[in-house]
Amino acid sequence: MTYAVPSGDPAGPGAYVLGVDSGGSGLRVALGRAADPGPLATTVCAEPVRTGPGGIDAGHLLDQLLPAARELLERASAAASAEIRRDARPSGSRAGDASAHEVAAVAIGAAGMATLGERLRAELPGALADALGVRRVALAADAVTAYAGAVGQRPGAVVAGGTGMIALGTDLKEWHRADGWGHLLGDSGGGAWIGRAGLDAAMRAHDGRRGGSAALLDRLRAVFGPAEALPGLLYPRSDRPAVLASFAPEVAACAGADPVAAGILRQAAGHIAEAAAAVCPAPTEPDGEGGGAGEVALTGGLFRMGEPLIAPLREELARLLPGARVTTATGDPLTGALRIARALAAGDLRLPRHPTMLFVPPEQETGQSGEAAVHSEPRSE
């Protein structure tokens, strides 16, 4: 059973919210309460959402999301009923309220939302209202849900590093983006960039050219086989960025003893720090809203490489952003989607709206701020 929540009123404390993270490895869904932190339950749909000539396939996303959401709601309802029976709570308590059956808000973060999300923005709000009775929907780029998971609703910047690399920052008035342009045009300092640089150094050693690394050549042979066979293995692959990124941990493993590998990671750290500096809001006076020195949060699998990358990155950030607080993300993009859904349900979504980065249908915006700009270059100070 579902009950729609009027767009101008905050949701009841027992209402449910859904957070969704759609990426290259599949769809993840989290169910939570509007008034409680953390998820009640999560589930994973292993099939990635299809992308076609019209962009991200809204129908394919719904085919996975709706059964997963209903399963989570049924599990939560059964658990709540069991809790009521066990505790013999009065009928007026939260677990027995009608609000406990509401799906107050859904927030969906998707890779490619900014450039390929037109069908999602056109079709999902109505489809979710029909299927789940939900009237508050936010559709976000995965960089935005990564930001919300890492920083919350405070001003700051997040660097999301994995196969690629993107930096996103906000002063809560507008978004600023740097990089995230893919392995052919950018993603400088990301996993594919590091892996490609490491393989380049290995091939230089194979050829006897300057700048080669015998240590990385040994790792190339151990991972891929004969060096001369690598082009035939790599170029026909449709997942070349992921293959390149798979070599990045080998670069990190060699960095302690090999100056070439260490130099690659120092260059990567420089690129990452430059992107962060381009988007981090200027320091402000402390005002209770996260002011003072800027916050830069690091999130994503890239930073699991540890000190070989983190140590030079902290040095570069200290040089480019003196006084900035470098933090580790408190949550991932799924956490961020759930946080956005909770804020939307409470009428307290402070992150800037944007037609492609963070889209909330205009009819849901009663009493909330309008759209904000997004910039792909440093701001004029």
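What percentage of the 381 residues of the protein chain count as buried? In this predicted model, the figure is 51%. The chain is built from 12 helices and 14 strands. Sequence-distant contacts feature prominently in the tally: among contacts with a separation of 6 or more, 66% are accounted for by residues 24 or more positions apart.

A good place to begin a tour of the helices is H4, which is mostly covered, with nine of its 10 residues buried. The buried positions of H4 are Ala143, Val144, Thr145, Ala146, Tyr147, Ala148, Gly149, Ala150 and Val151. Just after H4 comes Gly152, whose phi is positive, at about 85°. The loop that runs from helix H4 (142–151) to strand S8 (156–161) also holds Arg154, a residue that returns below among the salt bridges.

Further along the chain, helices H10 and H11 offer a packing pair worth a closer look. H10 spans residues 259–279 and H11 spans residues 307–320; their axes come within 8 Å and cross at roughly 40°. The two helices are therefore oblique to each other, since an angle of under 35 degrees would be needed to count as roughly parallel. The crossing of H10 and H11 is right-handed. On the H10 side, the contact is made by Leu265, Arg266, Ala268, Ala269, Gly270, Ile272, Ala273, Glu274, Ala276 and Ala277. H11 contributes Pro308, Leu309, Pro312, Leu313, Glu316, Leu317 and Leu320. By character, the residues of this contact comprise 13 nonpolar, one polar and three charged.

Turning to charged pairs, the structure holds 14 salt bridges. Side chains of opposite charge can pair when their charged atoms come close. Glu295 takes part in a salt bridge with Arg154, where the closest N and O atoms are 2.9 Å apart. This pair links distant parts of the chain, with Glu295 in strand S11 (residues 295–299) and Arg154 in the loop between H4 and S8, 141 residues apart. The two partners can also be described by their accessibility: Glu295 has a relative accessible area of 4% and is therefore buried, whereas Arg154, at 36%, is partly exposed.

Glu295 also forms a salt bridge with Arg325, the closest N and O atoms here being 3.9 Å apart. Again distant parts of the chain are linked: Arg325 belongs to strand S12 (residues 325–328) and Glu295 to strand S11, with their positions 30 residues apart in the numbering. Arg325 is partly exposed, its relative accessible area being 37%. Elsewhere, salt bridges with shared partners bring Arg50, Asp57, Arg119 and Glu123 together in one network.

A local counterpart is found within helix H5 (residues 191–207), where Arg204 and Asp200 both lie, four residues apart, or about one turn of the helix. An α-helix has 3.6 residues a turn, so residues three or four places apart point the same way. Arg204 and Asp200 form a salt bridge whose closest N and O atoms are 2.9 Å apart. Both residues are classed as partly exposed: Arg204 has a relative accessibility of 26%, and Asp200 has a relative accessible area of 27%.

Technical notes:
Residues are numbered from 1 along each chain as its sequence is written. This is a predicted model: local features need pLDDT of at least 70, side-chain atom pairs count only at pLDDT 80 or more; totals for chains, interfaces and linings use all residues. Side-chain values use heavy atoms; hydrogens and water are left out. Axes are lines fitted to C-alpha atoms, for helices over the stretch in contact, and angles run from 0 to 180 degrees between N-to-C directions. Angles under 35 degrees count as roughly parallel, over 145 as roughly antiparallel, 65 to 115 as roughly perpendicular and the rest as oblique. A crossing is left-handed if the near helix is turned anticlockwise from the far one by less than a right angle, and right-handed if clockwise. Contact means heavy atoms within 4.5 Å. Ala, Val, Leu, Ile, Met, Phe, Trp, Tyr, Cys and Pro count as nonpolar, Asp, Glu, Lys and Arg as charged, and the others, Gly among them, as polar. A salt bridge is a side-chain nitrogen of Lys or Arg within 4 Å of a carboxyl oxygen of Asp or Glu. Buried means under 20% relative accessible area, exposed over 50%, partly exposed in between (1.4 Å probe, protein chains only).
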